[in-house]
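Let's take a friendly walk through this structure, starting with its internal spaces and moving on to its cysteines and its annotated segments.

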Amino acid sequence: MRQQRIDGQETPYWPAGPFKIRLPFLHYRFEWPDYFQGLLMCAVDLAAIPLMVELLNMPFEVALAVVMMNGILYLTHHLLGDPVVPGWITPAIPLLMAYCAAFPEGPERVHALIAFQLMLGVFSIFIGASGLAHRVVQLIPQAIKSGIIIGAGIAAVISVFKVGGRFDSFPFTISIAVGIAFYVIFSRHFAKLKNVSPFWGMVGKFGIFPIVALAIVIAPVFGEAPWPKIEWGISKPDFVTLWKEYTVFGLGFPPLHMFVSAVPTVLAAYIVLFGDVLQSKAILDEADHERPDEVVHYNPDRAHMIFGARNSIMSIIGPDVAMCGPLWAAMHVVIVERFSQGKKAMDSIFGGAGSFRWGTNTGLLLMPIVTLVQPILGIALALTLLIQGYVSVRIGVMEARSQRDLGIAGIVAAVLATRGAAWAFAVGVVLCILVYGRDFFRGETDKTFVKDQQS
């Protein structure tokens with residue numbers, strides 16, 4: 001029998017040190033709309049396969065094995081008390097691919113990826129276990145926080161619309177799918193429709209699911225992708241080749257100099273990752289006043305330990321170009337939007353996030369689902385990047401507390417999108433010193449924003 005939550009309290013859990021264990025059906029209600037979303041949205045998880053094929057020359061079945069293991073580890077977040085939909089470290093992917101591409105293709109390039117991901121994982125665990133994550137969040141000036149989040153959003157949009165990017169490959173499908181997605185998720189007009197029509201209310205519950213299903217049809221109609229060739233049965237990932245040719249089991253541990261050379265890239269990726277941690281909390285905070293019946297605690301220390309462990313494990317059993325991040329911004333927003341609609345729509349945030357990730361894992365196992373979405377993997381990736389871009393810019397701007405903060409944030413964001421995270425952070429520090437001087441950490445609040453006027 002499911003343990004019921006008392007309004008105004010947390011969803012029931014089993015305490016385990018810094019973690020709060022919650023199991024489906026026992027501690028939270030299983031949310032079927034989010035589960036069905038996950039079945040098709042596994043297309044985005046599968047979109048990591050072309051990245052690994054390009055960088056490491058992996059066969060499709062080997063890359064599928066990496067995606068499936070990463071998918072299992074996604075479940076650890078909600079099961080251990082982290083109320084988010086986890087995903088990749090998306091804005092850092094171009095940075096990592098450029099770093100690894102500097103090494104010769106083959107074992108040396110794989111070693112570079114293993115060294116990077118293991119160091120990132122261990123560093124994140126240290127930050128979380130030592131309790132420094134809270135302090136890091138507090139010590140970073142608001143202007144730099146704002147700039148990092150905005151820059152991550154701009155970088156996501158650029159990756160879709162740059163010359164030769166995904167938009168050039170699927171212009172009509174992306175235009176139609178993204179237009180409908182923004183209307184369904186963010187439009188005030190559609191929000192009113194959901195309240196007066198049961199049909200549109202049901203469409204709203206399924207979030208991005210109908211849009212991905214529509215893209216499967218639209219892309220072939222416009223000649224931008226072939227019609228799916230459905231295959232039946234269970235998917236067949238190649239774990240044997242993965243462990244023999246792409247992990248420490250077959251190649252051995254990377255030499256020490258690989259770990260040393262990865263340090264700058266690890267620090268740069270962490271800065272971007274840190275922006276996702278800020279986004280996770282900011283998006284949840286926005287829903288707090290809509291759902292006073294459930295107390296949701298987002299703990300950055302706990303999140304660091306979970307995604308740090310995921311990166312460490314994956315570096316050993318299946319190094320992943322997409323990395324293991326704390327947040328899938330696009331789907332986290334979709335889940336939180338539904339959560340904000342009330343207890344009838346979604347009983348608990350853990351039910352929504354957990355059911356969605358159970359759905360993506362089911363989809364990866366089913367060959368009909370994999371072959372159905374395979375032609376539109378690039379479209380699904382573009383869709384989630386553009387939603388992430390919208391959310392990142394909105395949340396990033398609201399992190400600022402003054403017009404000077406916004407000016408600094410704009411520069412930091414532009415540098416992040418064009419020169420990378422390390423440059424952005426350095427520029428942000430210099431600008432905050434020049435603009436605020438002794439008030440470097442405190443900044444200023446000039447009440448430009450209504451939120452500051454109210455507080």
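## The largest cavity

Helix 20 gives the largest share of the lining of the largest cavity, namely four residues. Please keep in mind throughout that this is a predicted model. The volume of this largest cavity is about 90 Å³. Its lining has 13 residues, and those closest to the centre are Val-44, Trp-88, Thr-90, Trp-328 and Thr-384. Two elements give two or more residues each to this lining: helix 1, spanning 32–46, and helix 20, spanning 377–399.

What is the chemical make-up of the lining of the largest cavity? Its residues divide into seven nonpolar, four polar and two charged.

## The second largest cavity

The structure holds four cavities of 30 Å³ or more, and the second largest has a volume of about 50 Å³. Lining this second largest cavity are Asp-45, Ala-48, Met-52, Val-66, Val-67, Asn-70, Tyr-74, Trp-88 and Asp-320. Here the elements that give two or more residues are helix 2 (48–56) and helix 3 (60–79). Helix 3 provides the largest share, with four residues.

By type, the lining of the second largest cavity divides into six nonpolar residues, one polar and two charged. If you are looking at the model, Trp-88 is a handy place to start: it is among the residues closest to the centre of the largest cavity, and it also lines the second largest.

## Cysteines

How many disulfides are there? The count comes to zero. Take Cys-100 as an example: the nearest cysteine sulfur belongs to Cys-324 and is 14 Å away. A disulfide needs the two sulfur atoms within 2.5 Å, so Cys-100 is in no disulfide.

Is Cys-100 buried or exposed? Cys-100 counts as buried because its relative accessible area is 0%, and buried means under 20%. Cys-432 is buried too, because its relative accessibility is 0%.

## Annotated transmembrane regions

An unreviewed UniProt entry lists "transmembrane region" for residues 112–132, 144–163, 169–186, 198–222, 256–274, 364–387 and 407–437. Two of these segments can be set beside the model's secondary structure.

Over residues 144–163, the chain is 90% helix and 0% strand, with the end C-alpha atoms 29 Å apart. Over residues 256–274, the chain is 100% helix and 0% strand, and the C-alpha atoms at the ends lie 26 Å apart. Cys-432, buried at 0% relative accessibility, falls in the listed segment 407–437.

Notes: Residues numbered from 1 in each chain as written. Predicted model: local features only at pLDDT ≥ 70, side-chain atom pairs only at ≥ 80, totals over all residues. Heavy atoms only, no water. Buried < 20%, exposed > 50% of the residue type's maximum accessible area, 1.4 Å probe, protein only. 1 Å grid on protein atoms, 1.4 Å probe; cavity = no way out; pocket = protein on both sides within 12 Å on 5 of 7 lines; lining within 4 Å. Points joined across faces, edges and corners; volume = space filled by probe spheres on them. Nonpolar A, V, L, I, M, F, W, Y, C, P; charged D, E, K, R; others polar. UniProt positions renumbered as here; feature names shortened; annotations may be inferred.
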